[in-house]
Amino acid sequence: MAGRLIVVSNRIPTGDPSGGLVVALHDALLARGGTWIGADPDPSEEGRDRLHDLGNVPYQKRAFRLSAAERANYYSGYANSVLWPVCHRRTDLVEIRSEYRADYLAVNLRLARLIAKELGPQDVIWVHDYHFLPLATMLRSLGVTNRIGFFLHIPFPNITDLDVLPRPKDFARWLAGYNLVGLQTRRDVARAFEMFRADPRAEFLRDGTVKFEENIVSVASFPIGIDSEQIEGIAARADTGPFGAADPRELIIGADRLDYSKGLPQKFEAFGRLLQGRIDPQARPTLLQIASPSRADVAAYQQITSELQAISGRINGRYSELDWQPLRFVHRSVDRERLIGLMRRAEVGLVTPLADGMNLVAKEFVAAQDPEDPGVLVLSRFAGAAEDMKGALLINPHDLDETAGAVELALAMPLAERKCRFEDCLQVVRDSRISVWTDRYLARLASCVPTLSLAPRA
Ligand code: ADQ
């Protein structure tokens, strides 16, 4: 009989599960029983030697505590000021400090010890994202032979960017502690293989797995998705907008976490280009950019916020009329149903990341459309979602004219072509729906070669 499932993620949901990934993991835990482990949102020095019970659900939810210094060094520091920029091809933003790496390792080791204490022999561990890269090697060093899977939600780094890390060779060794490394796209898998090929400690086996010292790791792509049925349902009955009498004829929507990887300055500038070259000023296109606040304690995020305020001020100063503000930059989270309603109302979804693991907004925009009169998705080639979404208008977000041209094309696109592109995209969204993703990943993990022997390692 299959053992329990242990899910490890930085954030642990409190309250009722909502949102695709949270619900999918919740369902997997309900089906198998187990424990969801995440960081306690409130920093505290107390009780760091145990996991704290949170909430009453049919499976356990448990939190590990971080001190304020650990939160700064492990989370804002190594995870978000080193690994995040390295994986998103922004090595210019990497901030290296010895205490970041020291606390990243210390937090992971403490967590490994807490998990090892509670583990049953058949339990399967599923670790999520870059906050926990070394967790498997640490569990192995404590004698754990259970199946351990890892899923990286963000892009796999370019091999040359790994050299920016304080100890570049750690990356491959940490990943090799897992039985299965799941990545978002086939291109990510190709980059991971390139890293292993360049490493003398790694050997490719005939079945495509990688033998790394005493471990055997499988690497495969599992493109993450959304609960498309749920979003289609919400969109069909949603309130489509707060605009009232000022309802724009042409609405372009953007919704992103406010992050430098999302290409927001490029999006704003491309929209400025579109206004500049616009033949029909009567159409009054409006870009509504909703950007949820994120990681405000990291300097690079404060900088991007000021930059966006400056660009939107410049564009609005130049093109606004008494009754028309072309660029609306709303710096807050909005309620999910309202956001889906706005996506349905929009003629164009504009998604412009410079690097992105998948980008769920692109998939949500598609699922939210009215099948009888769908909007058009304009999507960066650098989002993982672009690998399969051939019905979108794919752009290079660095090329402002190309982006502006694609938005023009989308706004003028005849209904028949819009429908055809939408149907293509919707098929991709439905095929990659989140429940399929969870099942595929866990089935693959169950079929991986088990870890049989352990050699002590540093
Ligand atoms: P994110 O970088 O957070 O996720 P994304 O995949 O787009 O990026 O997911 C964002 C989620 O937040 C979406 O569900 C979206 O609707 C919601 N959202 C965005 N702006 C919002 C706003 N202003 N108000 C309310 N909700 C908002 C990381 C990786 C991605 C990967 C996902 C999942 O960076 O590449 O797709 O994990 O693996």
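**Group meeting talk: two sheets, one helix and a core**

Let's start with one residue: Ile125 has 27 C-beta neighbours inside 10 Å, so it counts as buried. The cut-offs, for burial: 20 or more other C-beta atoms within 10 Å of a residue's own is buried, 12 or fewer is exposed, in between is partly exposed, and the C-beta atoms are placed from the backbone. Before I go on, this is a predicted model, where local features need pLDDT of at least 70, side-chain atom pairs count only at pLDDT 80 or more, and totals for chains, interfaces and linings use all residues. Numbering runs from 1 along each chain as its sequence is written.

Okay, back to Ile125. It lies in strand S5, residues 124-128. When I say helix or strand, I mean DSSP runs numbered from the N terminus: H or I with at least four residues for helices, E with at least two for strands. Leaving aside neighbours within four places in sequence, Ile125 is in contact with Ile6, Val8, Asn146 and Ile148; contact is C-beta atoms, placed from the backbone, within 7 Å. Ile148 turns up again in the pairing, since Ile125 stands opposite Ile148 in S6. S5 and S6 (148-151) are parallel, with four bridges, and for two strands to pair, DSSP has to find at least two bridges between them.

So where does S5 sit in its sheet? The order is S3-S4-S2-S1-S5-S6-S7-S10-S9-S8, ten strands in an open sheet with mixed pairing. S3 (52-53) and S8 (202-204) are the edge strands, each with a single partner, so one side of each has no neighbour in the sheet.

Quick stop at helix H3, residues 98-118, where you'll find Arg101. This one is partly exposed, with 19 other C-beta atoms within 10 Å. Not counting residues up to four places away, Arg101 touches Tyr78 and Pro166. Gly77 is 24 residues from Arg101 in sequence, and their C-alpha atoms are 8.2 Å apart.

Now the other sheet. Six strands this time, open, all in parallel pairing, in the order S13-S12-S11-S14-S15-S16. At the edges we have S13 (327-330) and S16 (393-395), each with a single partner strand, so one side of each goes without a neighbour in the sheet.

Let's walk through some of the pairs. S11 covers residues 251-257, and six of its seven residues are buried, so the strand is largely enclosed by the rest of the structure. Seven bridges join S11 to S12, running parallel, and the partner of Gly254 in S12 is Gln289. S11 also pairs in the parallel sense with S14, over two bridges, with Ile253 opposite Gly349. Then S12 (286-292) runs parallel to S13 over four bridges, and there Ile290 has Val330 as its bridge partner.

Leaving S12, we hit the loop that leads to H9, and Arg295 lies in that loop. Here's the oddity: Arg295 isn't a glycine, yet its phi is positive, about 45 degrees. Most residues other than glycine have a negative phi. Arg295 has 18 C-beta neighbours inside 10 Å, so it is partly exposed. There's another case: Asn359 has a positive phi, near 90 degrees, and it lies in the loop between S14 (348-351) and helix H11 (360-367). Buried or exposed, for Asn359? Buried, with 25 C-beta neighbours inside 10 Å.

On to H9 itself. This helix, residues 299-319, has 21 residues and spans 31 Å from first C-alpha to last, close to the 30 Å expected at 1.5 Å a residue; the expected span is 1.5 Å times one less than the number of residues. Its buried residues are Ile304, Leu308, Ile311, Ser312 and Ile315. Down the axis, they fall within an arc of 95 degrees, so they line one face of the helix. That arc uses the directions from the helix axis to the C-beta atoms. Their cover includes helix H8 (264-276) and S13. Exposed on the other side are residues including Gln302, Gln303, Ser306 and Gln309.

Last thing, the core. Which residues touch the most other members of the largest nonpolar core? Ala362, Leu377, Val378, Leu379 and Val407, out of 136 residues. Helix H2 (68-87) gives the most to this core, with nine residues. A nonpolar core here is a set of buried Ala, Val, Leu, Ile, Met, Phe, Trp, Tyr and Cys residues joined through C-beta atoms within 7 Å. As for Leu377, beyond four places in sequence its contacts include Gly349, Val351, Ala362 and Phe365. Gly349 is the residue we met opposite Ile253. That's my tour, happy to go back to any of it.

Methods: Two residues are in contact if their C-beta atoms, placed from the backbone, lie within 7 Å.
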